[in-house]
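Here are my comments on the model you sent, set out as numbered points. Please read them with the sequence and the structure open beside you.

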Amino acid sequence: MPRTIDALIEEIDEHRDTLDATAAEAERLGEAPDELVNVLRELRVPLVKAPVEAGGDGLTLAEQMRYFAALSYHNPTAGWVGFNHAGAASAAAARLPDAGFEEVFGADPCPFFAAVATPGGRYRRTPDGAVVNGVWKFASGCLHADWALVVAVGDADSPGVRSVVMPMRDLRRQGEWNVMALKGTGSIDLVCEDVEVPERRLIDPMAGPLRGGPEFTLPYMVYVAGENLGFTLGVTERFLDEATAYARTKSRGFGGSLATRGAFRHELGKARTQVAGVRALGLATLEEAWSLCQASGRLTPAEENRVTATTAYGTEACADVVSRVFHFLGASAILDSSILQRCFRDVHGSAQHLVASNEAYERYGADLLGGN
């Protein structure tokens, strides 16, 4: 039976001590430690948005936002690699041919996928499937994944794009993950050379889903909107909670505790209000988009643009809030041991994701102007 969103968040809360305890370790290692991976498996994070046919929970877009906000609040690495695992597993579960679906989901009730949505490879057709070559960048969670879902473009004799499901043993992990944010995600490159992929693990992304509902027809930018905005929101809410507690004991100069400063109180109150507004706007927009998609089987371009603009705005607003409050916190906040600096970096890291691009405003603005 699919789990409800309230039950899923309760499960996260039951594991909050382990999630909190492994957050700094993930940053130090540059990947999720085994203890954290075990928690993700116990929570069955890869299946939270998957079709029920795969044993998934089928969370709505708004529920996905709530879920990944709760998970990211306790552990940003868990939230980021978790939503990558969930997005890829659900896409594969919805579209794999029956034989491929059985191979992947029949053998493992909770497969971990690494995924890259941008085309980084080439393929050529063979009588039994395809031969694939490529390099795919930013494969979050690939260091502990079982499978990869990547995108390849056909050669002159094999026109079109295919999503390709490969076991990790067929790929090479390459590069180093030396970054300022999202340090625990291990988002290095995946490389393959002349790998033979059977037909059962090739997906035509333009074909309709074989399992699940019309949500699996949503374009990438909308399909991942809830999980991405949830991540940013959860990390921002944790930052504000930590900053509030910190301010009660922190003194700077001769003005008493930070909590007594009128300027800080003003900024904190404004920040809390803005983040509550982001959460409310995100939930309302995503709930509406889900209802429209379920009713008509798709979203119009204008409806899609409203979702992507909401994601961009919510991410931008959260990054702005964190920057303004961080300015008050002083030197102790930049120590590696401080959760404040980690939240600051990770929120700004999330703002670099494609789905948070401010290009979304241009598309939405064009819609408001009647397409001019």
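1. In this predicted model, strands β4 and β5 make a hairpin in which six residues lie between the two strands, and G160 in the turn has a positive phi of about 105 degrees. The two strands, β4 covering residues 147-154 and β5 covering residues 161-167, pair in the antiparallel sense over seven bridges, with V153 standing opposite V161 of β5.

2. Strand β5 is mostly covered, six of its seven residues being buried. Beyond the hairpin, β5 is also joined by two bridges to strand β8 (residues 202-203), and these two strands run antiparallel; here S163 stands opposite I203 of β8.

3. Which residues does A92 touch, leaving aside those up to four places away in sequence? They are F105, F113, L149, V165 and I203, while A92 itself has its place in helix α5. With a relative accessible area of 0%, A92 is buried, because the cut-off for that term is under 20%. The C-alpha atom of A92 is separated by 35 Å from that of I339, a residue 247 places apart from A92 along the chain.

4. Strand β7, which spans residues 189-198, has seven of its 10 residues buried, and it is therefore largely enclosed by the rest of the structure. It pairs in the antiparallel sense with strand β3 (residues 129-136) over seven bridges, where V135 stands opposite V191 of β7. Strand β6 (residues 172-174) likewise pairs with β7 in the antiparallel sense, over three bridges, and in this pairing Q174 stands opposite D189 of β7.

5. On the nonpolar interior, the largest core has 72 residues, and those with the most contacts inside it are Y67, L71, F239 and L329. Leaving out residues up to four places away in sequence, Y67 touches I5, L8, I12, L43, V45, V48 and L59. A second, separate core of 23 residues includes W136, V164, W177 and C192. As background to this point, nonpolar side chains in soluble globular proteins tend to be buried together.

6. Is E237, a residue of helix α8, buried or exposed? Its relative accessible area is 18%, so E237 counts as buried under the 20% cut-off. The side chain of E237 is joined to that of R279 by a polar contact of 3.0 Å. With residues up to four places away in sequence not counted, E237 touches Y73, R272 and V275 as well as R279.

7. Helix α11 runs over residues 339-350, and its 12 residues reach 16 Å from the first C-alpha to the last, close to the 16 Å expected at 1.5 Å a residue. At its N-terminal end α11 is capped by S338, a side-chain oxygen of which lies 3.1 Å from the backbone nitrogen of L340.

8. Helix α11 is mostly covered, with nine of its 12 residues buried, and charged residues should not be overlooked when the list is read, since R342, R345 and D346 are among the buried ones. Also buried in α11 are L340, Q341, C343, V347, G349 and S350. The buried residues of α11 pack against four helices, namely α2 (16-29), α5 (76-95), α8 (225-247) and α10 (301-326).

Conventions:
Residues numbered from 1 in each chain as written. Predicted model: local features only at pLDDT ≥ 70, side-chain atom pairs only at ≥ 80, totals over all residues. Heavy atoms only, no water. Core = buried A, V, L, I, M, F, W, Y, C linked by side-chain atoms within 4.5 Å. Buried < 20%, exposed > 50% of the residue type's maximum accessible area, 1.4 Å probe, protein only. Contact = heavy atoms within 4.5 Å. Expected span 1.5 Å × (residues − 1). Polar contact = N/O pair within 3.5 Å; in protein donor to acceptor, adjacent residues only side chain to side chain. Pairing = 2+ DSSP bridges.
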